[in-house]
Amino acid sequence: MDSQENSNTSSSTEEYKIEMLPEDYPQYDLSFKLIFIGDSGVGKSCLTTKAVKNNFEEYYQATVGFEFLTFNMKVNDKVIKLQIWDTCGQEIYKSLISNFYRNSSLAILTYAIDNKESFNHVENWLNDLKSQANPDVRIFLVGNKADLEEDRKIPKEEGEKYKEDQHLDLFMETSAKTGHNARNVLVEAAKILYKDYLKFDENKQNEDNNKGQKKGQTLIKKEKKEKKGCCQ
């Protein structure tokens, strides 16, 4: 049975009113670019397809280049469109993938819990991302294929520790096959980016208010100076 369940690992303790919207929903207030990166075979395409379409294919052809999906949801009063870029993981496409780092709002760094090598390569992917992406890009670490518990090579605690050591924004284990946390990755992404938007909007308003106050003070000083001049 599919389990698009919530995770105990959240980007915030704040509560949000969440509403899922159709993939072809025509309008949106905010749009953010997400990129899935990681080694080939860790299940990035299966995970994004499960999250967006609730479909799972046991045998999925390796992505060549990239695939593009959209995911729409409403957070409080804002309709958010997530533009999801699912990239291939082969070494020969590394230079192509780096082009997608630019202007990404959030990167989802993915490994498979049954593949030690994919976890060892996380640091390389992270370094490439940090060298190419915006300095304020948000980063999630996701351990996929959580349904393969019998074949687990990476303890969950190791993923959690890596997230803490590297100061990443969130760690979560997922399963594209069962749906465990698949959609929740995108929900948490939308929530943290919505929170960033609110902070940016608040700072902009404060900045505009400060400019208005300074302009008003300048006009008052100018008016006083003119009055002083006409009385002399």
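These are my notebook entries on a predicted model, taken one part of the structure at a time.

**Confidence**

I checked the confidence before anything else. The protein chain averages a pLDDT of 85, and 75% of the residues score at least 70. I marked residues 6-12, where pLDDT stays under 50. The model has 17 contacts beyond four places in sequence for that stretch, but I left them alone. Where pLDDT is low, the predicted coordinates should not be read in detail.

**The sheet**

In what order do the strands of the sheet lie? I read off β1-β3-β4-β2-β5-β6-β7, which makes 7 strands in an open sheet with mixed pairing. I then looked at the edges and found β1 (18-21) and β7 (170-173) there. Each has a single partner strand, so one side of each is left without a neighbour in the sheet. I also noted the twist, which averages 25 degrees from one strand to the next.

**From β1 to β4**

I started with β1 and its partner β3 (residues 66-75). The two run antiparallel and are joined by 4 bridges. Within this pairing I found glutamate 19 opposite lysine 74 of β3.

Next I followed β3 into β4 (residues 78-87), again antiparallel, with 10 bridges between them. Here glutamate 67 has aspartate 86 in β4 as its bridge partner. The hairpin of β3 and β4 has 2 residues between the strands, and in it asparagine 76 takes a positive phi near 55 degrees.

**Asparagine 72**

Is asparagine 72, which sits in β3, buried or exposed? I get a relative accessible area of 1%, and under 20% counts as buried, so asparagine 72 is buried. I wanted to know what its side chain meets. One of its polar atoms lies 2.9 Å from the backbone oxygen of glutamate 23. The side chain also makes a polar contact, at 3.2 Å, with the side chain of lysine 81. Leaving out residues up to four places away in sequence, I listed what asparagine 72 touches, including Met20, Leu21, Pro22, Tyr25 and Ile80.

**Serine 45**

I came back to aspartate 86 from the other end. Which side chain makes a polar contact with the side chain of aspartate 86 at 2.4 Å? I found that of serine 45. Serine 45 lies in helix α1 (residues 44-53) and is buried, with a relative accessible area of 8%. So I have aspartate 86 down twice, here for the polar contact with serine 45 and above as the bridge partner of glutamate 67.

**β5, β6 and the helices on them**

I moved on to β5 (residues 106-112) and β6 (residues 138-144), which pair in the parallel sense over 7 bridges. Threonine 110 has valine 142 of β6 as its bridge partner. Helix α5 (residues 156-165) packs on the sheet and touches β5, β6 and β7. Its direction makes about 165 degrees with that of β7. I looked at helix α4 (residues 122-132) too, which lies across β2 (30-37), β5 and β6 and runs at about 165 degrees to β5.

**The two sides of α5**

Which residues of α5 are buried? I noted Gly159, Tyr162 and Lys163. Seen down the axis of α5, the buried residues fall within an arc of 100 degrees, so they line one face of the helix. That made me recall the helix geometry. An α-helix has 3.6 residues a turn, so residues three or four places apart point the same way. On the other side of α5 I found Glu157 and Lys161 exposed. I then checked what covers the buried residues, and the cover includes β5, α3 (116-120), α4, β6 and β7.

**Positive phi**

Just after α5 comes histidine 167, with a positive phi near 55 degrees. I looked up two asparagines as well. Asparagine 103 has a phi near 65 degrees, a positive value in a residue other than glycine, and its place is in the loop between α2 (94-101) and β5. At 58% relative accessibility, asparagine 103 counts as exposed. Asparagine 181 has a positive phi of about 65 degrees and sits in the loop between β7 and α6 (182-231). At 4% relative accessibility, asparagine 181 counts as buried.

Definitions and conventions. Residues numbered from 1 in each chain as written. Predicted model: local features only at pLDDT ≥ 70, side-chain atom pairs only at ≥ 80, totals over all residues. Heavy atoms only, no water. Pairing = 2+ DSSP bridges. Axes fitted to C-alpha atoms, helices over the stretch in contact; angles between N-to-C directions. Contact = heavy atoms within 4.5 Å. pLDDT = per-residue confidence, 0-100. Buried < 20%, exposed > 50% of the residue type's maximum accessible area, 1.4 Å probe, protein only. Arc of directions from axis to C-beta. Polar contact = N/O pair within 3.5 Å; in protein donor to acceptor, adjacent residues only side chain to side chain.
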